[in-house]
Structure formats: C-alpha cells, structure tokens
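Have the sequence and the model open side by side. The paragraphs below go from strand pairing to cores, then to charged side chains and cysteines.

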Amino acid sequence: QVRDLSNGTEIPVVSQRPASVLAFSPDGTYLVSLEDRHGLVVIRGVKSGQVLHHCSHDSPVQCLALSPNGRQLATTGRDRAIFIWELQSGQRSKVLHGHTHMILGLAFHPDGRSLASASMDGAVKLWDITRDPRGHLFAASPDGAGEQLCCLGLREGGQRLVTVNTTHRRLDEWDVTTGKSVRRSTLDLIDKHACPRGDAALSADGRFLAAPSRSDHKVVKVWDVATGKEVAAFHGHRAAVCAVALSADGRLAASADQQTDEQGLFAEVRIWEAATGQEVLCLPVIRQGILCLCFGPDARLLASGGSEDGAIRVWNVVPPSGGQAVPLHSFSGCRTVVSLAFSPDGTKLAAADFEGDHVRVWDVETGRPCHTLPSPSHLTCVTFSPTGNRLAATGYEGTVRLWDAATGQDSLTLHG
C-alpha cells in the first residue's frame with residue numbers, strides 16, 4: 001500500500017508480485033520496486049500508481065539506489081555489474097564493470113555526479129557517471145538512412161571530429177563542444193558499400209585522409225582535411241585497394257590490394273612516402289585476403305590481418321638498406337580480422353575478430369597471447385586509449401565495450 005501521509009488517502013497501486021525493495025525518488029515523482037527475484041525492477045508514477053517502466057537486470061538484483069536529482073536509478077546484481085537507468089524513459093544508459101565479487105551496496109554522492117559501490121571482498125569503487133555515453137549526435141544527413149561512415153578521428157587537440165562518408169563521398173568536420181558541422185568537402189573517394197572495411201585512414205593528428213580513388217580503385221589518394229584538397233596519389237597497385245593505413249607521424253602510408261592466381265587469393269602490400277607518393281617497399285606476397293593494416297607507433301612495424309586463414313602478420317618495414325621487409329610474428333586464433341591496433345608504447349597488438357566475436361591481444365616482442373576478451377557481436381573496430389590503459393571495441397549491435405588493457409578486466413559498456 002501507498003498512502004499520502006498529509007491526509008491518509010491511499011494511492012491505488014496494482015501489483016501482481018510481492019515487492020522486496022521499495023524506494024521513492026527524492027522529489028516523490030517515482031516509486032521504484034523490486035518485484036521479481038530474477039531481477040525485475042518496476043518504476044511507477046506515485047500520483048497515478050500506474051506502471052511506467054519495467055527494467056530487467058541480467059541477474060537477480062541485490063540492491064538499488066536513486067540519484068539525488070531523481071533522474072537516475074542504479075541497480076546491481078549477482079553478475080557484479082552496475083546498471084544505470086534513466087527514470088523518465090526507463091532506458092538503460094550505462095553498464096559499469098570492475099568489481100570481481102558480489103556488490104552489496106550502492107550510494108550516490110549528494111551532487112549526483114558520482115556513484116559509490118562496495119563489494120564482498122571489501123573493495124569500494126567511486127564512479128564518475130556525469131558523462132553521457134551517447135554524447136552528441138552528429139547528423140550525417142537529415143534522416144541518416146543508408147549512410148556509411150568508414151572512419152573517424154579527432155584533430156585540433158580534440159576540438160574537431162572528422163568523419164568520412166563513403167555514401168556521398170564526403171568529408172565532414174564537426175565542433176566537438178556543440179556537435180555542429182563546421183566544414184564539408186566532397187572528394188574523389190571510393191563510394192562502394194562494404195562493412196566492415198579498412199580502406200580509409202586518417203592520420204593520428206587528423207590532418208590527412210588516405211583512401212582509394214573513386215575514378216580508379218587501384219590508386220590511393222591523400223587529402224588535406226582542412227582544405228579538402230588532394231596532396232598526393234599512390235600509383236602502382238595492380239588490383240583494387242582493400243586496406244589503407246597511415247603511420248602516426250604521417251610520414252609513411254601502407255596499402256594492400258587483393259588478387260587471385262592459379263593458387264588462389266593473395267595480396268600485395270606496398271609502403272609509400274605519404275608526402276610524395278613514392279613507393280619505398282613492397283612486402284612479399286601474402287596468401288590471404290587483407291582487410292586491415294596498422295602501423296606501430298614508431299612506424300617500424302606494420303601489422304596485417306584479414307580473411308582466409310585469419311592470421312595476423314607483423315612485419316619490420318624499416319629493413320637494412322637494400323633489404324626486404326622481415327616478418328617478425330604470425331599470430332593465429334582469429335577467423336576474420338577486421339581491425340588492428342597497437343598500444344601507444346608499441347608493446348601490445350589488439351585484433352578485432354569479426355566472426356569470432358572476440359578481441360585478442362598479444363605481446364609484440366614475445367608473440368605470446370595476453371588476453372582473449374568476449375566482445376560485442378560482429379566486431380568492426382578496436383582501439384587503445386591515448387594513454388594505453390584502456391582498450392575499446394564496437395560492433396554491429398551498437399555498444400562500445402571498454403577493458404583495462406593491462407588486466408583485460410571489463411571496465412565499462414556504453415549503450416547509445
């Protein structure tokens with residue numbers, strides 16, 4: 001029963017299940033109840049007594065907490081995850097991972113910006129929940145239907161977001177603070193539809209874009225992001241280019257094509273001077289369909305991955321004068337590699353396995369595996385944070401999963 005204490009009037013609340021936990025939002029607008037041992041949380045309007053939302057946790061709920069501003073609900077269960085819900089919409093906005101034992105208590109800070117959690121092993125964690133994981137919506141078109149963005153990056157110290165739209169052969173630049181478009185250029189950019197894809201690359205500083213040309217898929221062009229002008233072109237491939245990478249310092253570029261002969265599928269990978277378009281090295285033929293390339297942070301190493309055998313090859317692309325590229329490692333265990341990322345210090349290599357639904361991490365020096373991380377289905381991208389302490393991946397289901405790069409421990413899941 002729910003009664004108005006000012007006049008004793010009973011507010012009708014209909015429930016078919018016994019409630020084990022009850023909590024009012026601080027402003028008295030919502031009544032939250034735990035009504036099912038399997039994890040069903042019910043949000044009701046206090047005035048009407050009607051059910052507004054059902055929130056299903058993935059495991060039996062142990063405890064819950066309401067934010068001081070009455071906007072958010074935190075729940076946790078036996079799965080050691082913390083779910084953050086928006087009370088008004090009933091939508092789950094965040095999933096926090098990090099505890100290794102069952103969580104026994106949750107408490108919001110009075111300012112509503114932080115959440116504390118305590119677990120059975122005595123660990124207490126404080127979470128910053130102020131950042132909206134959905135961020136800004138950067139609208140590629142009025143309805144966004146059928147749009148394909150093949151890559152994105154940041155420039156000008158993180159103040160500008162750059163997106164590359166292959167559907168309309170367009171390069172867009174956005175103000176990160178406001179979410180508004182500040183520049184748009186139309187390029188001679190390949191416009192075929194493919195996903196996942198690794199045939200376009202932005203430099204680490206966001207100044208340059210490299211991708212196959214629409215007029216000739218065997219040619220890779222480089223554009224200045226700020227002006228949209230072509231600054232270089234790479235000629236020499238004998239088939240359509242399927243993967244492109246730029247080194248962190250912007251000095252080198254790598255590209256791969258895909259061909260067939262009597263033995264089957266093979267790829268040629270070429271290394272170029274990015275500023276001049278001059279070819280400096282051609283790797284030995286790789287008997288694999290290449291889907292992605294990635295330079296190490298010092299541009300000494302290049303990793304390649306793709307389909308067929310799912311192998312990842314790491315090459316020394318700065319051999320002694322007159323020498324050939326030297327294969328250092330070949331990592332196995334993946335089915336279809338669609339994205340590769342070196343850690344900022346170059347000690348780790350991460351791979352996104354599109355069919356295997358895992359991120360795998362290796363030690364670059366020893367070649368030994370470090371982590372195998374269950375991930376969002378049909379992965380499309382993996383990347384390290386600039387400090388190297390976090391690893392992130394995303395896939396077709398639209399979530400972003402983050403891990404502690406050193407331990408492989410889940411740290412956060414973002415739902416947009």
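Two strands are said to pair if DSSP finds at least two bridges between them. Helices (H or I, at least four residues) and strands (E, at least two) are DSSP runs, numbered from the N terminus. This is a predicted model, in which local features need pLDDT of at least 70 and side-chain atom pairs count only at pLDDT 80 or more, while totals for chains, interfaces and linings use all residues. Residues are numbered from 1 along each chain as its sequence is written, and side-chain values use heavy atoms, with hydrogens and water left out.

Start with strand β34 (residues 379-384) and strand β35 (residues 390-395), which pair in the antiparallel sense over five bridges. Within this pair, Cys381 of β34 stands opposite Thr394 in β35. The two strands form a hairpin with five residues between them, and Gly388 in the turn has a positive phi of about 85°.

A hairpin is also formed by β26 (290-295) and β27 (residues 301-306). β26 and β27 pair in the antiparallel sense over five bridges, and the bridge partner of Phe295 in β27 is Leu302. Five residues lie between these strands, and Ala299 in the turn has a positive phi of about 65°. β26 is mostly covered, with five of its six residues buried. Buried here means under 20% relative accessible area, exposed means over 50%, and partly exposed is in between (1.4 Å probe, protein chains only).

Which residues have the most contacts inside the largest nonpolar core? They are Ile271, Leu283, Leu293, Phe295, Leu302 and Val317, in a core of 20 residues. A nonpolar core is a set of buried Ala, Val, Leu, Ile, Met, Phe, Trp, Tyr and Cys residues joined through side-chain atoms within 4.5 Å. At least two residues of this core come from each of β22 (241-246), β23 (252-261), β24 (264-273) and β26. A second, separate core has 16 residues, including Ala23, Val41, Val61 and Phe83. In soluble globular proteins, nonpolar side chains tend to be buried together.

Leu302 gives a view of the larger core from one position. Contact means heavy atoms within 4.5 Å. With neighbours within four places in sequence left aside, the contacts of Leu302 include Ala254, Val269, Ile271, Leu283, Leu293, Phe295, Trp315 and Val317. Cys294 and Arg313 are also among the residues that Leu302 touches.

Next come the charged side chains. A salt bridge is a side-chain nitrogen of Lys or Arg within 4 Å of a carboxyl oxygen of Asp or Glu, and by this rule the count comes to 18. In one of them, Asp172 pairs with Arg184, the closest N and O atoms being 2.4 Å apart. Asp172 lies in strand β16 (residues 170-175) and Arg184 in strand β17 (residues 181-186), so this salt bridge ties together parts that are twelve residues apart in sequence. Asp172 is buried, at 1% relative accessible area, whereas Arg184 is partly exposed, at 44%.

The salt bridge between Arg270 and Glu268 has its closest N and O atoms 2.9 Å apart. Arg270 counts as buried at 10% relative accessibility, and Glu268 counts as buried at 6%. For Arg300 and Asp298, the closest N and O atoms are 3.8 Å apart. Arg300 counts as partly exposed at 37% relative accessibility, and Asp298 is partly exposed at 49%. Salt bridges that share partners also join Arg155, Glu156, Glu173 and Arg183 into one network.

Asp261 is found in strand β23 and is partly exposed, with a relative accessible area of 27%. Apart from neighbours within four places in sequence, Asp261 is in contact with Phe266 and Arg287. A polar contact is a pair of N or O atoms within 3.5 Å; within protein, one must be able to donate a hydrogen and the other to accept it, and residues adjacent in sequence count only if both atoms are side-chain atoms. One such contact, of 2.8 Å, joins the side chains of Asp261 and Arg287. The Asp261 side chain also reaches the backbone nitrogen of Gln263 at 2.9 Å.

Last, how many disulfides are there? The count comes to zero, a disulfide being a pair of cysteine sulfur atoms within 2.5 Å. Cys334 is in no disulfide, and the nearest cysteine sulfur, that of Cys292, is 9.5 Å away. Cys334 counts as buried at 8% relative accessibility, and Cys55 counts as buried at 1%.
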